[in-house]
Amino acid sequence: MKSRVQGIAGFAYNCIAEVKNKEIESQYSSYVRKLPSMITHNGLLTTVAFIKSKASRNEAWETVKSHIERYLKEIEGKSINGELVKFFAEMELSEYRLYTKKLLFFAEWLKRIAEGELKYEGDKE
């Protein structure tokens, strides 16, 4: 039996493995490294709206959006039907705060694993 932390870490690892050695690897790595601070400083709803605005024109942001949607479906059991902004905008405050914590935890795992597994735009190698 796995703990919740192991489940989330494993899910994050699989997300990172999907982009490893692909064209978007360094861009995706850059974006997920910023994701926890974006959620902390701007709020979950603002961050999700930003990601949605970028996703239609950028494959790496689309992948970040897809990973958040899959996390909500596969780990949290929530089906959002592609309406990520609406999903969070219509929540009660207590539920919104809970999901902010949950997504921040997931974002931290994405960041940690990306730092160890993916190429980064800032790397000189």
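## Glu69 in helix α4

Glu69 is buried in this predicted model, because its relative accessible area is 17% and the cut-off for a buried residue is under 20%. The residue is found in helix α4, which covers residues 59-74. Once its neighbours within four places in sequence are left aside, Glu69 is in contact with Ile80, Gly82 and Leu84.

## Ile39 in helix α2

A second buried position is Ile39, whose relative accessible area is 5%, and this residue is found in helix α2. Not counting residues up to four places away in sequence, Ile39 touches Leu44, Thr47, Thr100, Leu103, Leu104 and Ala107. With Thr100, Ile39 forms a pair that is 61 residues apart along the chain, and yet the C-alpha atoms of the two are separated by 7.6 Å.

## The pairing of α2 and α6

Where does the contact of Ile39 with Thr100 fit among the helices? Both residues belong to the contact between α2 and α6, with Ile39 on the α2 side and Thr100 on the α6 side. The axes of helix α2 (residues 25-42) and helix α6 (residues 93-117) come within 8 Å and cross at roughly 145°, and this crossing is left-handed.

From α2, the contact is made by Glu25, Tyr28, Ser29, Val32, Arg33, Leu35, Pro36, Ile39 and Thr40. The α6 side supplies Thr100, Leu103, Leu104, Ala107, Glu108, Leu110, Lys111, Ala114, Glu115 and Glu117. Sorted by class, the contact of α2 with α6 has 10 nonpolar, 3 polar and 6 charged residues. Leu103, Leu104 and Ala107, which are among the residues that Ile39 touches, also appear in the α6 part of this contact.

## The chain as a whole

The chain has 6 helices and 0 strands, so that its pattern, read along the sequence, is α-α-α-α-α-α. Among the contacts in the chain with a separation of 6 or more, 75% are accounted for by residues 24 or more positions apart.

In its overall dimensions, the C-alpha trace of the chain spans about 45 × 40 × 25 Å along its principal axes. The radius of gyration of the chain is 14 Å, which agrees with the value near 14 Å that a compact globule of 125 residues would have. Of the 125 residues, 41% count as buried, and Glu69 and Ile39 are examples of buried residues. The chain exposes about 7400 Å², of which carbon and sulfur atoms supply 48%.

Notes: Residues numbered from 1 in each chain as written. Predicted model: local features only at pLDDT ≥ 70, side-chain atom pairs only at ≥ 80, totals over all residues. Heavy atoms only, no water. Axes fitted to C-alpha atoms, helices over the stretch in contact; angles between N-to-C directions. Helix = DSSP H or I, 4+ residues; strand = E, 2+ residues; numbered from the N terminus. Left-handed = near helix turned anticlockwise from the far one by under 90°. Contact = heavy atoms within 4.5 Å. Nonpolar A, V, L, I, M, F, W, Y, C, P; charged D, E, K, R; others polar. Rg over C-alpha atoms; globule rule 2.2 N^0.38 Å. Buried < 20%, exposed > 50% of the residue type's maximum accessible area, 1.4 Å probe, protein only. Areas by Shrake-Rupley, 256 points an atom, 1.4 Å probe, with all protein chains shown as cover.
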